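Me: Could you take a close look at a single part of this model and set it in the context of the whole chain? I would like one connected account, with the cut-offs stated.

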Amino acid sequence: FSIAEDVSLNGLDILAQDQRSIRWDIFWSLGLYYESHLEYESPRQDYATDPVNTYRLIDRLLELGFYRSAILASRQILSLANLDDASTLMAPSFFNHIRFGVYHQNLILPITQDKGFRPLFIASLIRQESMFEGFATSSAGAQGMMQLMPATAQEVVTYSGWPENFTISDLYRPYINVPIGIRYLARQRDYFNGDLFVSLAAYNSGPGNAIEWNTLSGGDPDLFLEIVRYDETRRYLIQISEFYHIYW
């Protein structure tokens, strides 16, 4: 980009004068993280064609744990540089470390190792599900970082006995959501004899569908992908595989 030498990229600069910056700090200090996030999303979208101010936002977004917004802001800059999906991987590493960061490592590493998963595999799954956004909610009602349906989460809590006094709102707490999600995925993996591809399909579209597709495919992963009848699930499997390849 043609950026003048006297332009500072450190700090928020003119963004600090934006009235929204006052609101986002107040919401954050009150523990209203979703509302604070919305106040940050607004300027991110307003400056979608401005690489300098988009860049200025990234450090603050990371500092506050708004990882999804930081990932999207990083991709915005690469798009403004006319880089497609393949060429973005050759961009300065700063941007890709943000786009494919392993966030919440202290939370993810112990439970993944305890359940026998590779941490980068789980990071790929979480990136696909929520981009590490703890308060993410899907149109179908899935909640939190690992996008768990309340009924599914309640089932896992019932058979695992953890956590005590669980409520559905706890799914927005990453330290509860992630262990429940990984326990559920581990259950699918164990049922499907360690086949992670089929386990992911079960995680996304339900064990019943995964059982049917797995039976029809005869254990052939390429055929399994062709047999999956939901476009969303097929894209889901492909995307996580691509993310895992990038992370690895």
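Reply: The protein holds 14 helices and 0 strands, where a helix is a DSSP run of H or I with at least four residues, a strand is a run of E with at least two, and both are numbered from the N terminus. Its radius of gyration is 20 Å, close to the 18 Å that the globule rule gives for 248 residues, so the protein is as compact as a globular protein of that length; the radius is taken over C-alpha atoms, and the rule is 2.2 Å times the number of residues to the power 0.38. The model is predicted, with local features needing pLDDT of at least 70 and side-chain atom pairs counting only at pLDDT 80 or more, whereas totals for chains, interfaces and linings use all residues. Residues are numbered from 1 along each chain as its sequence is written, and side-chain values use heavy atoms, leaving out hydrogens and water.

Along its principal axes the C-alpha trace spans about 65 × 45 × 30 Å. Of the 248 residues, 45% are buried (under 20% relative accessible area; exposed is over 50% and partly exposed lies in between, with a 1.4 Å probe and protein chains only). Among contacts (heavy atoms within 4.5 Å) between residues at least 6 apart in sequence, 54% join residues at least 24 apart.

The part to examine closely is helix H7, which covers residues 105-115 and in which Ile-108, Ile-111 and Thr-112 are buried. Seen down the axis of H7, these buried residues fall within an arc of 100°, and they therefore line one face of the helix; the arc is that of the directions from the helix axis to the C-beta atoms. Asn-106, Gln-113 and Asp-114, on the other side of H7, are exposed. The packing partners of the buried residues of H7 are helix H8, residues 119-130, and helix H10, residues 174-191. After H7 comes Gly-116, which has a positive phi, near 80°.

For another buried position in a helix, one can turn to Ser-36, which sits in helix H2, residues 33-46. Ser-36 has a relative accessibility of 0% and therefore counts as buried. Once residues up to four places away in sequence are set aside, Ser-36 touches Trp-24, Phe-27, Trp-28 and Phe-66.
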